[in-house]
Amino acid sequence: MNVFKLGALLCGVASMPGAMEAALPHSPDAVLDTLPVYRGNDLELTVNHSSTTFRLWSPEAEAARVMIYPTDRNSSAADTLNMSPSVDGTWVASVDRRLTGWFYTFAVKYRGVWLDETPGIWAKAAGTNGERAAIIDMKSTDPEGWDADRGPVVASINDAVIYEMHHRDFSIHPSSGIVHKGKFLALTEAGTATPEGEKTGIDHLEELGVTHVHILPSYDYNSVDEANLPSNQYNWGYDPWNYNVPEGSYATDPAAPDVRIREFKEMVKSLHDRGIGVVMDVVYNHTANNDNSNFSLTAPGYFYRHNPDGTYSDASGCGNETASDRAMMREYIVNSVAYWAREYHIDGFRFDLMAIHDIETMNAVADTLRSINPSIVIYGEGWTAGASPLPAERRALKENVALMDGVAVFSDDIRDAVKGHYSDASDRGFATGKPGSEETVKIGIVASTAHPQVDYSKGNNSRVAYATSPRQIINYVSCHDDLSLTDKLAASMPGSTEAERQRAARLAQTIVFTSQGTPFMFAGEEVFRDKKGVHNSYKSPDSINAIDWSLKSSNRPQFDYYRELIAMRRNHPAFRLGSAGEIARRLRFDDNGSNPLLVSYTIDASGLPDSWSKIRVAFNGSDEPQTIKVAKGRWIVVADDGHLRADGLADENGEAVTTRGGTLTVAPRSALILAQPAK
Ligand code: CA
């Protein structure tokens, strides 16, 4: 979700409590802070060969019980177990047999009232709509070869090329040629193609060359009715229900608890088999419901922050915000991501509205995940969607990213500088010919690190070099939020031709993919997909959100450009310098005076493990040619006038295009990239 907009609109259908709703009675925050903390690893459910044990953390409950059900919904309890008080605020019940195949819920008595049933906050399997938790043999959900399954090894997050996609966007269109449209299994199908014969699905991802697929929320969320899937509901999924269970609507059978788990793992394994990692979008910052969330029905008040009058505070814009600064909530977030990393082999996490969380929690997340897998990538939105009672100095804000080792933030600096402000459709940026963002483009190029030639006082968004390492920055010009790049260009370039807009898109993405830091792109932009001009398409139908893969044929040169751009970046460590010091030392901007819409620089790659020793990069955002001075010598031309090839452009005879330097023209609205091969 994006910053400072009507975030509540994104939060699904069942939340929207409004300011009028009184919160469930609960203890004051000062009391909640003192409640006992349980750090055992047996919360919720433990199944042994001859017993089943339930443990619930509910420190203020007066009584607690477990209901056992034969089916996932619409059946009466076969048994009710009274729970006994145990250590550190927990309650325990046990039976002397394996209850595999059964379903269950908890209920607690609080201030004299039995609250509604809940599957608990640690349910790892669930049936339709996550109403009831399920007892299954998790081992039986492992696909063949799962024990040996590994994601890609990534020495630095800067080596990643991240592709952000929604399951339905990616496969639902008839042109995808995919059988399991809109499902986890879509990403397991090899050999799929458009009617024109272009690769789709996982083959397409491999052809494009991305290293990580970032999947929009894929835990069990609230808004899509899993009992009514033929109605083709669409939602981004920023309305969490069961955090540790995959979403049922992306499974072929939401009622069978093992199916969604197995299919999720098959998706991960298929991507891993192609060398592609999986990043999960996680939304621990708020829940779909307030008083009826699994958190509230387990320990009223505890997992949330409040206003002084006891009502829910709302930094998420969705009616509530969680309290990562409270011990059991921090424990919950850390253990939940660790669970996904271990059980599902997830390779990275993207934290929605990360600044709702506190810095200490994000550092605990990073430490824990790296101890599981040093290649795990962690990034998030370094902002909130509203005011929070948590003091700014404790928040995981973009401006505080230097305090979080191993966590990156999205650069809204480069995003808005390159394409224009996200909140004003008609606003243009550097790549669409609006002067005034040159310095902010430079801020993006150096990944918001201190650089002797960058004047942060001229930054459009941030005015300080908030990053101390390029590993802290995710560069992008668009994502699922707001107008897609295609739509933004259409809205801000009235009267333009599609060819002109595609040219602008190439320039915009060339700036992103050559910048220091980590590049990130929105699925389908490589074929110039749009969202029909809808910016907040969180529940728009497939007709708005689906990627029409027939565009891959009609926009084939666009796809080729993106593929070559990604290959160029991946082939050359010079675009992925390891530290702020290296950037300051090796990256030198030209002095283009007050010449607007021209940014150019040289990277000295000598001594790096790079087949190029020197790289010249120039961006011309204007619709007039501009010139730069290039040192004499033999340069291969990698990008020029809207064309790019990773190994260098070739003429019609297949000969390498080269130049001897001197005063060279940067064609209108395009990038010029030159390189000198290392000796
Ligand atoms: Ca669901």
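This briefing walks through the buried cores, some helix packing and a few individual residues of the structure above. The model is a predicted one. Its largest nonpolar core holds 142 residues, and a separate core of 23 residues lies apart from it. Helix α11 recurs in what follows, since its contacts with α10 and with α14 are both described.

**Nonpolar cores**

- Within the largest nonpolar core, which has 142 residues, the members that touch the most other members are Tyr163, Phe264, Phe303, Phe349 and Phe351.
- The element that gives the most to this core is helix α6, spanning residues 327–343, which supplies nine residues.
- Phe351 is in contact, once neighbours within four places in sequence are left aside, with Val282, Tyr284, Ile333, Val337, His357, Met362, Val365, Ile378, Tyr379, Gly380 and Glu381.
- Another core lies apart from this one and comprises 23 residues, including Leu81, Phe106, Leu115 and Ala133.

**Helix α11 and its partners α10 and α14**

- Helix α10 (residues 485–492) and helix α11 (residues 498–514) have axes that come within 10 Å and cross at roughly 125°, and the two helices are therefore oblique to each other.
- The crossing in which α10 passes α11 is right-handed, and the contact is formed by Leu485, Leu489 and Ala490 on the α10 side and by Arg501, Ala504, Ala505, Ala508 and Gln509 on the α11 side.
- Sorted by class, the residues in this contact of α10 with α11 are six nonpolar, one polar and one charged.
- Helix α14 (residues 556–571) packs with α11 at an angle of about 10°, the axes being 10 Å apart, and these two helices are therefore roughly parallel to each other.
- This crossing of α11 past α14 is also described as right-handed, and on the α11 side the residues that meet α14 are Gln502, Ala505, Arg506, Gln509, Thr510, Val512, Phe513 and Thr514.
- Their counterparts in α14 are Pro557, Gln558, Tyr561, Tyr562, Leu565, Ile566, Met568 and Arg569, and by class the contact has nine nonpolar, five polar and two charged residues.

**Helix α3 and the loop before it**

- Helix α3 (residues 201–208) is largely enclosed by the rest of the structure, because six of its eight residues are buried; these are Gly201, Ile202, Asp203, His204, Leu205 and Leu208.
- Just after this helix comes Gly209, which takes a positive phi of about 100°.
- In the loop between α2 (167–171) and α3 sits Glu198, which counts as buried with a relative accessibility of 14%.
- Residues up to four places away in sequence not being counted, Glu198 touches Thr192, Ala193, Lys552, Ser553 and Arg556.

**Individual residues elsewhere**

- Asn363 has its place in helix α7 (residues 359–372), and its C-alpha atom is separated by 7.9 Å from that of Val407, although the two residues are 44 residues apart along the chain.
- The contacts of Asn363, not counting residues up to four places away in sequence, are with Leu403, Met404 and Asp405.
- Leu353, in the loop between β15 (348–351) and α7, has a positive phi of about 40° although it is not a glycine, and at 0% relative accessibility Leu353 counts as buried.
- Asp88, found in the loop between β5 (84–85) and β6 (90–95), is another residue other than glycine with a positive phi, here near 50°, and Asp88 is partly exposed, with a relative accessible area of 39%.

Technical notes
Residues numbered from 1 in each chain as written. Predicted model: local features only at pLDDT ≥ 70, side-chain atom pairs only at ≥ 80, totals over all residues. Heavy atoms only, no water. Core = buried A, V, L, I, M, F, W, Y, C linked by side-chain atoms within 4.5 Å. Buried < 20%, exposed > 50% of the residue type's maximum accessible area, 1.4 Å probe, protein only. Helix = DSSP H or I, 4+ residues; strand = E, 2+ residues; numbered from the N terminus. Contact = heavy atoms within 4.5 Å. Axes fitted to C-alpha atoms, helices over the stretch in contact; angles between N-to-C directions. Parallel < 35°, antiparallel > 145°, perpendicular 65-115°, else oblique. Left-handed = near helix turned anticlockwise from the far one by under 90°. Nonpolar A, V, L, I, M, F, W, Y, C, P; charged D, E, K, R; others polar.
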